[in-house]
Amino acid sequence: MAGLAATLPSPAAGASPLLLHCNAAPSVSFRHRRRWQRPAATRHDGRVAQLLLPVARRWLPAAAPPGVNGARGGIAASGSGAGAVAGEAPYRGNEGQGSLWMVFLATAVVVCGSFEFGTCVGYSAPAQAGIVSDIGLSNSEYGVFGSVLTIGAMIGAVTSGSLADILGRKMTMRFAAVVGIFGWLTVYFAKDAMMLYAGRVLLGYCTGVLSYVVPVYISEIAPKGIRGGLATSNQLFICSGCSAAYIIGALVSWRCLVVVGLIPCAVLLVGLFFIPESPRWLANIGKEREFHASLQEFRGEDSDISEEATEIKDYIKSVRRLPKAKIQDLFQRKNMYAVTVGVGLMIFQQLGGINALGFYTSYIFSSAGFSGKLGTTLIGVIQIPITFFGALLMDRSGRRALLLVSSSGTFLGCFLTGLSFYFKAQGLCTQLVPTLALCGILVYYAAYSVGMGPVPWVIMSEIFSIDMKAIAGGFVTLASWIGSFAISYSFNFLMDWNPAGTFFLFSAASLVTVLFVAKLVPETKGRTLEEIQTLLKAT
């Protein structure tokens, strides 16, 4: 930055705060002063500065008027931010786009857990024919294999919050990865139904824990301006894992497909050694030095973390003055709104039928007269780019808009699929039935991936205060897996009752979701976790 200052002219009145800060002689710590006072010959030359200036102008937030408290307009040349021009507030390191490489690295590591989640969910669809043939399971026994994942996930959901608070976010993810490895190995060496069920329960426990701790960790390390997009990477990698299972499962045997689930567990275990612990968790357990070191590493060596660190510590101090959270506290008036939003979104996510379609995609396509392998492969292909598109929109259009568009799309997809089964049952437009079913399911997955898939998990990680996060987060995750079990277990019975009626029920649930989001769900875009708590208390 010193080289940048050397190439810029002296500022005139009304000049950009960026130029003011780059030319100001900052008051900095000794370590930073030595860097600033190096001879000009040892600094970056003007050519480098000319390259950096457009990047700085592009990524730094817009300037606030001089004298406005909390202005984001200038670059503080030091970690302390003491060099601000009189009347201007120093730049807040947590809101810029500076040295955030550690945030991105940590996110890339922990979403291996999300990929693992996706492979567990997507495994049963392409493996069905092979397992039924090799192990000799009946369709009802395989239905148990598909749905028993949710039993383990419910247990994992109940324990996830306490584990994350006691062991820390990183150690909890390590533990879940080890459980996942044992689960996959049990499935691989299975010789009968009981071993398959045992392995599936272990995998369910792994996903139940990861489904809570991964989005929580991401929300606690990310700056507010990119938190939504990063948190959406959780769903992006769930879809990626599911897609990988669909696509690779069409090419290899069910035992070989186990490797797709083992790899992300191994990568997660190794990668966790190279990233810091959540600074908010460290602050909550009183590890002051580790808290500052972790936050500094996430925000960049030269970023000013003083204001963000103070905000976090002040919030935690205010929370500690409250009595220790208990399960019954969830139903107190101050927490009921957040609990209603969190549980409601998870329940409606499941009532829309996502896990029924996820576990039995191949069966649905075959029932409609379409190739199961081709259908699952097409779903795998569209999910990833659509979810990536949703991640780009998360911090632009906001959470509510994505939920409203997504739930409208899932209504249309289920309605079209139900219509295809209705035509088939009535003998109408028989040549159109497979195409209509394919279009309906693809529309459903596209709509789900852009909103109803990622956004409930993002909001769940944002709306609960830190004292309630363990209990409330575990409760919401449990609600999600109870809904998943109810839908996935009952799906075969519903299809035997009335295939068209089943999908019309799912479409009706999506319509109710639109009303729920419009009336109750708050917008959390662009707010810190502490600001969101202030908003919810005022609601």
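These are my notebook entries on helix packing and a few single residues in a predicted model.

**Entry 1. Overall make-up**

I began with the secondary structure and found 23 helices and zero strands. I then looked up burial: of the 539 residues in the protein, 55% are buried. The accessible surface comes to about 22,100 Å². Carbon and sulfur atoms hold 66% of that surface. For contacts with a separation of 6 or more, I noted that 80% join residues 24 or more positions apart.

**Entry 2. α14 against α20**

I turned next to helix α20, residues 455–462, and took its partners one by one. Helix α14 covers residues 333–351. The two pack at an angle of about 165°, and their axes are 9 Å apart. I therefore entered α14 as roughly antiparallel to α20, since the angle is over 145 degrees. The crossing of this pair is left-handed.

Which residues make the contact? From α14 I listed V341, L345, M346 and Q349. From α20 I listed P456, W457, I459 and M460. By class, the contact of α14 with α20 has seven nonpolar residues, one polar and no charged.

**Entry 3. V341**

I picked V341 out of the α14 list for a closer look. V341 sits in helix α14. Is V341 buried or exposed? Its relative accessible area is 1%, so I put V341 down as buried. I measured nothing here by experiment; the model is predicted.

V341 and I459 are 118 residues apart along the chain, and their C-alpha atoms are separated by 8.7 Å. Leaving out residues up to four places away in sequence, I found V341 touching I459 and I463. On the same terms, V341 also touches F516, L520, V521 and P522.

**Entry 4. α18 against α20**

Helix α18 runs over residues 399–426. With α20 it packs at an angle of about 150°, and the axes lie 10 Å apart. That makes α18 roughly antiparallel to α20. I logged the crossing of α18 and α20 as left-handed.

On the α18 side of the contact I have R399, L402 and L403. On the α20 side I have V455, P456, V458, I459 and E462. The contact of α18 with α20 divides into six nonpolar residues, no polar and two charged.

**Entry 5. α20 against α21**

Helix α21 spans residues 469–497. I read the packing angle of α20 and α21 as about 160°, with the axes 10 Å apart. That makes α20 roughly antiparallel to α21. What is the hand of the crossing of α20 and α21? I entered it as right-handed.

In α20 the residues involved are W457, M460 and S461. They meet K469, G473, V476, T477 and S480 in α21. The class count for the contact of α20 with α21 is three nonpolar, four polar and one charged.

**Entry 6. S397**

I went on to S397, which lies in helix α17, residues 372–397. Its relative accessible area is 33%, so I marked S397 as partly exposed. Where does S397 find its contacts, not counting residues up to four places away in sequence? S397 touches L402 and K525. S397 and K525 are 128 residues apart in sequence, yet 8.5 Å apart in space, C-alpha to C-alpha. L402 had already come up in the contact of α18 with α20.

**Entry 7. A446**

I placed A446 in helix α19, residues 433–452. A446 has a relative accessible area of 23% and is partly exposed; the cut-off for buried is under 20%. Not counting residues up to four places away in sequence, A446 touches I382 and I386. I also checked A446 against G413, 33 residues apart along the chain, and the C-alpha separation is 9.1 Å.

**Entry 8. T107**

My last residue was T107, in helix α5, residues 101–135. With a relative accessible area of 5%, T107 is buried. Its contacts, not counting residues up to four places away in sequence, are I218, I221, L230 and S233.

Conventions:
Residues are numbered from 1 along each chain as its sequence is written. This is a predicted model: local features need pLDDT of at least 70, side-chain atom pairs count only at pLDDT 80 or more; totals for chains, interfaces and linings use all residues. Side-chain values use heavy atoms; hydrogens and water are left out. Axes are lines fitted to C-alpha atoms, for helices over the stretch in contact, and angles run from 0 to 180 degrees between N-to-C directions. Helices (H or I, at least four residues) and strands (E, at least two) are DSSP runs, numbered from the N terminus. Angles under 35 degrees count as roughly parallel, over 145 as roughly antiparallel, 65 to 115 as roughly perpendicular and the rest as oblique. A crossing is left-handed if the near helix is turned anticlockwise from the far one by less than a right angle, and right-handed if clockwise. Contact means heavy atoms within 4.5 Å. Ala, Val, Leu, Ile, Met, Phe, Trp, Tyr, Cys and Pro count as nonpolar, Asp, Glu, Lys and Arg as charged, and the others, Gly among them, as polar. Buried means under 20% relative accessible area, exposed over 50%, partly exposed in between (1.4 Å probe, protein chains only). Accessible areas come from the Shrake-Rupley method with a 1.4 Å probe; for residues, only the protein chains shown count as cover.
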